[in-house]
Amino acid sequence: TSSTKHMTWSKDQIKSAQEALAKGGYYKGAANGTWNKQTAEALKSWQKANKMPATGHLSDETLAKLKAA
């Protein structure tokens with residue numbers, strides 16, 4: 001089942017998402033492992049570009065695709 005409730009992600013997971021978003025040119029901030037509005041906006045842009053629902057929320061699927069990008 002898919003939940004839209006905010007899951008708890010580790011600093012390492014958030015940092016790797018930020019690094020992947022930065023590599024793709026979506027995220028301009030510091031990859032510090034802290035989820036913020038800038039990270040969510042970057043994720044939304046990345047999700048749109050990858051034909052995924054632009055939720056701005058991290059999921060296992062999103063994290064796996066980001067790491068593979």
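In the predicted model, Lys65 and Glu61 both belong to helix α3, where 4 residues, about one turn of the helix, separate them. The two side chains form a salt bridge, with the closest N and O atoms 3.4 Å apart. Lys65 is partly exposed, at 39% relative accessibility, and Glu61 is likewise classed as partly exposed, with a relative accessible area of 47%.

The pair is set within an architecture of 3 helices and 0 strands. Read from the N terminus, the order of the elements is α-α-α. The protein has 69 residues, of which 30% are buried. Its accessible surface amounts to about 4600 Å², and carbon and sulfur atoms account for 53% of this area. Of the contacts between residues at least 6 apart in sequence, 20% join residues at least 24 apart.

Helix α3 also takes part in a helix–helix contact. Helix α2, spanning residues 37–49, packs against helix α3, spanning residues 60–68, at an angle of about 80°. The axes of the two helices lie 12 Å apart. Because an angle of 65 to 115 degrees counts as roughly perpendicular, α2 is described as roughly perpendicular to α3. The contact is made by Leu43, Trp46 and Gln47 on the α2 side, which meet Thr62, Lys65 and Leu66 on the α3 side. By class, 3 nonpolar, 2 polar and 1 charged residues contribute to this contact. Lys65 thus appears in two settings: it is one of the α3 residues that meet α2, and it forms the salt bridge with Glu61.

The count of salt bridges in the model comes to 3. Besides the pair in α3, salt bridges are found in helix α2, with Glu41 as a partner of two lysine residues. Lys37 forms a salt bridge with Glu41, the closest N and O atoms being separated by 3.7 Å. These residues both lie in α2 and are 4 residues apart, about one turn of the helix. Lys44 also forms a salt bridge with Glu41, here with a distance of 3.9 Å between the closest N and O atoms. Lys44 and Glu41 are 3 residues apart in α2, again about one turn of the helix. Lys37, Glu41 and Lys44 are accordingly linked in a network of salt bridges.

The members of this network vary in their accessibility. Lys37 has a relative accessible area of 64% and is exposed, because the exposed class begins over 50%. Glu41, at 36% relative accessibility, counts as partly exposed. Lys44 is partly exposed as well, with a relative accessible area of 30%.

Outside the helices, Thr8 is found in the segment before α1, the helix that covers residues 11–23. At 76% relative accessibility, Thr8 counts as exposed. Along the chain, Thr8 and Leu58 are 50 residues apart, while their C-alpha atoms are separated by 9.5 Å.

Key: Residues are numbered from 1 along each chain as its sequence is written. This is a predicted model: local features need pLDDT of at least 70, side-chain atom pairs count only at pLDDT 80 or more; totals for chains, interfaces and linings use all residues. Side-chain values use heavy atoms; hydrogens and water are left out. Buried means under 20% relative accessible area, exposed over 50%, partly exposed in between (1.4 Å probe, protein chains only). Contact means heavy atoms within 4.5 Å. Accessible areas come from the Shrake-Rupley method with a 1.4 Å probe; for residues, only the protein chains shown count as cover. Axes are lines fitted to C-alpha atoms, for helices over the stretch in contact, and angles run from 0 to 180 degrees between N-to-C directions. Angles under 35 degrees count as roughly parallel, over 145 as roughly antiparallel, 65 to 115 as roughly perpendicular and the rest as oblique. Ala, Val, Leu, Ile, Met, Phe, Trp, Tyr, Cys and Pro count as nonpolar, Asp, Glu, Lys and Arg as charged, and the others, Gly among them, as polar. A salt bridge is a side-chain nitrogen of Lys or Arg within 4 Å of a carboxyl oxygen of Asp or Glu.
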